[in-house]
Amino acid sequence: MTGDTTIVVPSSLVREAEDKREATRKLGYVARAAAIYRIERILVFPDREAEGRWGGEFVRTVLAYAATPPYLRREVWDERDELRYAGVLPPMRVSPRTGSAGETPESREGIVTEVGPDDRVRVNCGMQHPISLLVPPSMAVEEGERVTVRVSSREPVRARIVDEDPPGFTVDACGDIQEALAREDAGLCIGTSRHGDELTRSRLAELAPRYRDGATVVFGSPGRGLPEMLGVSPEDLPVEPDSPGFDLWLNTVPNQGSEVVHTEEAVFATLAPLALRD
């Protein structure tokens, strides 16, 4: 069993975008990486001094929209200025989680459209019509709440609400980087920087099992690296123990050929090797 993986990005992530369309496209790359590498959570920390025209609310809104299944987007999201260019976002096509033995391996996110008597609710989960389902004794749901539905048959429809997270990733704000690292389920805490330890094959063999047990990976902004954002001198990296709050600092683009690696590029470059199996 593997642990949850969280990536942490700054609210200034799209500060260098020329316009809102380009900013949306950049966020689409981050969302796509999260979907491909089965990231459970994206946290956005404030970097207000460097945000530029599009700050934390824009970043969170676009990422959260990308994380919403297409069949729920119209119901969940009103017309918002932040989503003007949502059409440039790539499809996430999140793989369904495997069900129990004998079931179709499909867990879908749904939204409660109506709460009825006898612990039953109607749920829109992308079927032709909302379906009536029984709420498990361990759960209490309200109208508008998002739930996970395990579908074992589409014709006829057989489904049930399950008390688990839906496929894909969630998007939340966090007060600062330290808050993200202090979470009980933070796991292996990795700071990314060109001044960190180079990710070599031997280093990867050592890190991969720890990463699969759960990890939090933090990225800097396009305008300045993570050490500068935290007031850490690059000359002091890597340090033992790797602080502030990190288990290690990692350079996942050793010998980079460009002066700047953009955040959305660093996300792909970092998650790809860490996801490798033995």
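**Figure 1. Helices H1 and H2 are oblique to each other in this predicted model.** The axes of helix H1 (residues 20–36) and helix H2 cross at roughly 55 degrees. Angles under 35 degrees would count as roughly parallel and those of 65 to 115 as roughly perpendicular, so the pair is classed as oblique. The two axes come within 9 Å, and the crossing is right-handed. On the H1 side, the contact is made by Lys-20, Ala-23, Thr-24, Leu-27, Val-30 and Ala-31. On the H2 side, Phe-58, Val-59, Val-62, Leu-63 and Ala-66 take part. Sorted by class, the residues of this contact are nine nonpolar, one polar and one charged.

**Figure 2. The largest nonpolar core has 46 residues.** Those that touch the most other members are Ile-7, Val-14, Ile-42, Leu-63 and Phe-169. Helix H2 (residues 56–67) gives the most to this core, with eight residues. Another core, of 16 residues, lies apart from it. Among the members of that other core are Cys-174, Val-218, Val-232 and Trp-249.

**Figure 3. Phe-169 and the residues it touches.** Residues up to four places away in sequence are not counted here. The contacts of Phe-169 include Ala-31, Ala-34, Ala-35 and Ile-39. Glu-40, Arg-41 and Ile-42 are also touched by Phe-169, as are Leu-63, Ala-67 and Met-92. Of these, Ala-31 and Leu-63 also belong to the contact between H1 and H2.

**Figure 4. Tyr-85 lies in a loop.** The loop runs between helix H3 (70–76) and strand S3 (107–115). Is Tyr-85 buried, partly exposed or exposed? Its relative accessibility is 21%, and because buried means under 20% and exposed over 50%, Tyr-85 counts as partly exposed. Not counting residues up to four places away in sequence, Tyr-85 touches Lys-20, Arg-21 and Thr-24. Tyr-85 and Thr-24 are 61 residues apart along the chain, while their C-alpha atoms are separated by 6.6 Å. Lys-20 and Thr-24 are also among the H1 residues in contact with H2.

**Figure 5. Ala-159 sits in strand S7.** This strand spans residues 157–162. Ala-159 has a relative accessible area of 23% and is therefore partly exposed. Which residues does Ala-159 contact, leaving aside its neighbours within four places in sequence? They are Ile-131, Leu-133, Val-149, Arg-150 and Val-151. One of them, Leu-133, is 26 residues from Ala-159 in sequence, and the C-alpha atoms of Ala-159 and Leu-133 are 7.4 Å apart.

Notes: Residues numbered from 1 in each chain as written. Predicted model: local features only at pLDDT ≥ 70, side-chain atom pairs only at ≥ 80, totals over all residues. Heavy atoms only, no water. Core = buried A, V, L, I, M, F, W, Y, C linked by side-chain atoms within 4.5 Å. Buried < 20%, exposed > 50% of the residue type's maximum accessible area, 1.4 Å probe, protein only. Helix = DSSP H or I, 4+ residues; strand = E, 2+ residues; numbered from the N terminus. Contact = heavy atoms within 4.5 Å. Axes fitted to C-alpha atoms, helices over the stretch in contact; angles between N-to-C directions. Parallel < 35°, antiparallel > 145°, perpendicular 65-115°, else oblique. Left-handed = near helix turned anticlockwise from the far one by under 90°. Nonpolar A, V, L, I, M, F, W, Y, C, P; charged D, E, K, R; others polar.
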